[in-house]
Amino acid sequence: MTVQPDGADAPVPELEGRIDKPEGPIKAALLAVGIGAFTLGLLTTCAEANEAVKDFLDFYGPVGPLSGKTTVTVVVWLVVWGVLHLAYRKQEVESRKALAVSLVLIGLGLLGTFPVFFTAFAP
């Protein structure tokens, strides 16, 4: 329904019969992407800053700690996505805020993967 200038509600023909779906799953996916990207940046920086973290993330020798960084990141992303989906699946939420938070987290994660940034934390 839309409000006409005289204050009366009038149906909008193209929206007749349309069922609004909750945006909770969208919020969950957006936040999970941001958290996943941030996780990769954080692990990259931590592996450079701490030899123990670097050794822990070395899941497959020929690849080095990259194997652990990507594996842990994917696991975190999937777990967070599943948990947030269950938490938000039936909720009416504003997904614009989740998009803004996700973009900030993606930016921070991207920053953490730049050599100029993560080498600053090298011992």
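**Group meeting talk: a five-helix model**

Glu94 is partly exposed, with a relative accessible area of 38%. I start there since Glu94 has a partner. Arg96 forms a salt bridge with Glu94. The closest N and O atoms are 2.9 Å apart. Arg96 counts as exposed, because its relative accessible area of 63% lies over the 50% cut-off. How many salt bridges does the structure hold? One. In general, side chains of opposite charge can pair when their charged atoms come close.

A word on what you are looking at. This is a predicted model. Keep that in mind for every value I quote.

Now the overall layout. The protein has five helices and two strands. Which order do they take from the N terminus? The run is β-β-α-α-α-α-α. So the strands come before the helices, going by that order. There are 123 residues, and buried ones make up 27% of them. The protein exposes about 8200 Å². Carbon and sulfur atoms supply 68% of that area.

Next, contacts. Take those with a sequence separation of 6 or more. Of these, 70% are between residues 24 or more positions apart. I will show you some pairs of that kind shortly.

First, the core. The largest nonpolar core has seven residues. They are Ala28, Leu31, Ala32, Val80, Leu84, Tyr88 and Ala98. Which elements give two or more residues to this core? Helix 1, residues 24-49, and helix 3, residues 65-88. Zoom in on Ala32. Leaving out residues up to four places away in sequence, Ala32 touches Trp77, Val80, Trp81 and Leu84. Val80 and Leu84 are core members too.

Now over to helix 4, residues 95-112. Ser102 lies in this helix. Is Ser102 buried or exposed? Buried, because its relative accessible area is 2%, under the 20% cut-off. Which residues does Ser102 touch, once those up to four places away are set aside? Leu30, Val33 and Gly34.

Gly41 gives a similar kind of view from helix 1. Gly41 is buried, at 2% relative accessibility. Setting aside neighbours within four places, Gly41 is in contact with Gly109, Gly112 and Thr113. Look at Gly41 and Gly112. They are 71 residues apart in sequence. In space, C-alpha to C-alpha, they are 3.9 Å apart.

Out to the surface. There is a nonpolar patch here. Its members are Phe38, Leu42, Val104, Leu108 and Leu111. Together they have about 410 Å² of accessible area. Helix 1 and helix 4 are the elements that give two or more residues to the patch. Which element gives the most? Helix 4, with three residues.

Two patch members deserve a closer look. Val104 is in helix 4. Val104 counts as exposed, because its relative accessibility of 52% is over 50%. Leu111 is in helix 4 as well. Leu111 is partly exposed, with a relative accessible area of 38%. Now pair Leu111 with Phe38. The two are 73 residues apart in sequence. Their C-alpha atoms are 9.0 Å apart in space.

One more long-range pair, this time from a loop. Where is Asn50 placed? In the loop between helix 1 and helix 2, the latter being residues 51-56. Asn50 is partly exposed, at 35% relative accessible area. Asn50 and Phe121 are 71 residues apart in sequence. C-alpha to C-alpha, they are 8.6 Å apart.

Last topic: aromatic rings. A pair of rings is described by the distance of the centres and the angle of the planes. The count here comes to three aromatic pairs. I will show one of them, Phe56 with Phe59. What is its geometry? The centres are 6.2 Å apart, with 85° between the planes. That pair is edge-to-face, because the angle is over 60 degrees. Are these rings' residues buried or exposed? Phe56 counts as exposed, at 58% relative accessibility. Phe59 counts as partly exposed, at 44%.

To recap. The largest nonpolar core has seven residues. Helix 1 and helix 3 each give two or more of them. The nonpolar patch draws two or more residues from helix 1 and from helix 4. And Arg96 pairs with Glu94 in a salt bridge. That is my tour.

Note on methods: Residues numbered from 1 in each chain as written. Predicted model: local features only at pLDDT ≥ 70, side-chain atom pairs only at ≥ 80, totals over all residues. Heavy atoms only, no water. Helix = DSSP H or I, 4+ residues; strand = E, 2+ residues; numbered from the N terminus. Buried < 20%, exposed > 50% of the residue type's maximum accessible area, 1.4 Å probe, protein only. Contact = heavy atoms within 4.5 Å. Areas by Shrake-Rupley, 256 points an atom, 1.4 Å probe, with all protein chains shown as cover. Core = buried A, V, L, I, M, F, W, Y, C linked by side-chain atoms within 4.5 Å. Patch = residues over 30% accessible without salt bridge, like charges linked within 9 Å, V, L, I, M, F, W, Y side chains within 5 Å. Salt bridge = Lys/Arg side-chain N within 4 Å of Asp/Glu carboxyl O. Phe/Tyr/Trp six-rings, centres within 6.5 Å; stacked < 30°, edge-to-face > 60°.
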